[in-house]
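Open the model in a viewer and keep the selection panel at hand. The stops below go from a single residue to a sheet, then to a whole chain and a contact between chains.

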Amino acid sequence: MSARIRRSEAAPVSALAAGGHRPVEVSLLGLIEHAELGDSPYRIDADGAPYVPAGDGGIVLGLRLGDSVFALFGDHAAPGACLTHPVEAARHALALYCCIGNEAVVRTGAAAGARGAVIGKRGENGRVIAGFRAGDLARMRPGDQVSVRSRGQGVRPGWLPASLTALNIDPGLLAGLPVSADQDDTLDVAVRLVVPARMAGNGLGRPAHSWDLDLQLASGQGAAEDALLLGDLVAVTDLDARYNMGYRRDWVTIGVAVHGSSPLPGHGPGITPILTGPRHALRVREDSTGHVGLTESMLGLQ
Amino acid sequence: MKVVTNSARLVTQVLTGEVWPALADRHGYRVGPDGQPFVLPGMGGMTLGVHCGDPATGYAADHLEPGASIRHRDHAANGAVQFLSCVGNQVRLESGPAAGQVGHVIGQHAYVLADFPGPVGTRITTGDAVTITATGQGLRLAEHPAIVVKNCSPGLIDAMPGGTGADGRLEVHVAARVPAEAIGAGVGMISEYANTDLMGAYPGLGDDLSLGLESLRVGDVVALADQDHRYGRGYRPGYVTIGVISTGSCLLFGHGPGPSTLMSGPAGAFALVDDPLANLASWYHDDQEGHP
């Protein structure tokens, strides 16, 4: 505990060992994204029907953690504001280093001073999803600056079984999720839904530290799938997310559902991976009715 | 393939491109399935010594692109090159020592990929200009309305064995069948561009990575289980997608040998026949000198 660092609002990073090294926090600047479309308004859904995508980036109002991933007729709609950076390399850094639970503070615009938190990230060119209180979010506009106090990548909680890897999660947040370490070097995790590898979609073969993984789920597939809420933990079997995301038999990856469904083939509700490891050390319990994952109260967004 | 098509009504367009350089970044290394760093060639340029019919895996390569990797310098023109070029289309060299020689499109990746006979390939390099005679998009099989065909030249359809069977299904010969779990990078993308990387084909690595796909060959016609590529690329139980392996060895995790899409439809619309000769090598490049 010699490396004890306490900040006024932040959880004590010193509670965690990072391979013997002291974790580093870096303040990063994100700009609230403007929604973007190409020359054609249409995308083509899985059944071949054209549709106009709404909600794919930028600020989305009226969607919160705890809402169904199928609540809106949108395309990858995320609960909050998406952050990017105009410089490509800085944008990649933003997407790589921000972790779920990191504090986000609005620096400019009508909501300056408002505090929120990172609730996930998305792939392609890199986006960080930041959640805010509804009243604050309503006063924001694209281009507003948001500072994120990033920390978490490379941090390894001391209680984490040796064969597991944590990623994309603030060190102070993981223990607040429904995970519990056992004496036999295993971790029990409660999730809303267990999904087989064949349902994994866009995000396969991409770096797990900066992309989300879309699950090829549509509403009406089944009661368990329909119960999926934003913020829920989801397990994907036979998926390794230590580096890129890909198939590995008898492996499990846990992610947080961070954005809603998509009509695009190969897309769907997305998870940001937070834990990955062999099945024998990462024991998953599916609870389709009573599960509580990442919540607004956990992030101080209520 | 004995099947009624609308080939007489298809448009043929003359497109141009050039052999694109291999690209890298200054950090060099990428990461394999077990965290192993690697620096391996494969993408871009003119890749020698690997042709249709050769093993797709087993090379010290990543995203191996057999033959010439072609694109157009102009973004919009490149869109036409990538979306309209079809497997089996003729590619003619317009500059360099191999000018006048021809090869064929074997698929798309981030580039249009063209295989040339071995002696021709050694005379091709980055920057050589090519002409692609593009035809095939819009191809329809009149007796099989549930099957969407794309990226497939009428000549390839003619050359493939099989066709409309007595029971009304489309007989397609395939060299391998691919389980849904193997689908990797490329899922969720459009199916007129690039291809679908198949995981589970990392020879020499752990058994827990294998899905039995280590023996795929470049040019193999394969069937992807539960994949719907009619309007993009996604999982749909009960559908089948037919593709042709256009890229080979990968060490990057979540990637692997990749089929470019040829056909997609409900499984019941197809009668698949396992046939190890279902490979582009059976139908193209009998002429080893590459004469038109």
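**Stop 1: one residue in chain B**

Select P154(B), which has 20 C-beta neighbours inside 10 Å and therefore counts as buried. The model is a predicted one. The cut-off for a buried residue is 20 or more other C-beta atoms within 10 Å.

Extend the selection to residues 154-159 of chain B: this is helix α3, and P154(B) is found in it. Which residues is P154(B) in contact with, leaving aside its neighbours within four places in sequence? Select T5(B), S7(B) and L10(B), then T135(B), G136(B) and L139(B); these are the contacts of P154(B) beyond those neighbours.

Now add L211(B) and draw a C-alpha to C-alpha distance from P154(B). The two residues are 33 Å apart in space, with their positions 57 residues apart in sequence.

**Stop 2: a sheet in chain B**

Switch to a cartoon view and pick out the open sheet of five strands in chain B, whose order is β10-β16-β15-β14-β13. Pairing in this sheet is mixed. Select 148-149 and 176-178 of chain B, which are β10 and β13: each stands at an edge with a single partner strand, so one side of each has no neighbour in the sheet.

Stay with β13(B) and add residues 221-228 of chain B, strand β14. In which sense do β13(B) and β14(B) pair? They pair in the parallel sense, over three bridges. To see one bridge, select A176(B) and its partner in β14(B), V222(B). Strands of a sheet pair through backbone hydrogen bonds, either parallel or antiparallel.

**Stop 3: chain A as a whole**

Hide chain B and show chain A, which holds three helices and 18 strands. Its radius of gyration is 18 Å, close to the 19 Å given by the globule rule for 302 residues, so chain A is as compact as a globular protein of that length. Along its principal axes, the C-alpha trace of chain A spans about 55 × 45 × 35 Å.

Colour chain A by burial: 53% of its 302 residues count as buried. Of the contacts in chain A with a separation of 6 or more, 70% are between residues 24 or more positions apart.

**Stop 4: where the chains touch**

Bring chain B back and select the contact, which takes 27 residues from chain A and 27 residues from chain B. On the side of chain A, select residues 246-259: this is strand β16 of chain A, and it gives the largest share, five residues. Colour that side by class to find ten nonpolar, nine polar and eight charged residues.

Methods:
Residues are numbered from 1 along each chain as its sequence is written. Chains are lettered from A and ligands numbered from 1 in the order in which they are written. This is a predicted model: local features need pLDDT of at least 70, side-chain atom pairs count only at pLDDT 80 or more; totals for chains, interfaces and linings use all residues. Two strands pair if DSSP finds at least two bridges between them. Helices (H or I, at least four residues) and strands (E, at least two) are DSSP runs, numbered from the N terminus. The radius of gyration is taken over C-alpha atoms; the globule rule is 2.2 Å times the number of residues to the power 0.38. A residue is buried if 20 or more other C-beta atoms lie within 10 Å of its own, exposed if 12 or fewer, and partly exposed in between; C-beta atoms are placed from the backbone. Two residues are in contact if their C-beta atoms, placed from the backbone, lie within 7 Å. Ala, Val, Leu, Ile, Met, Phe, Trp, Tyr, Cys and Pro count as nonpolar, Asp, Glu, Lys and Arg as charged, and the others, Gly among them, as polar.
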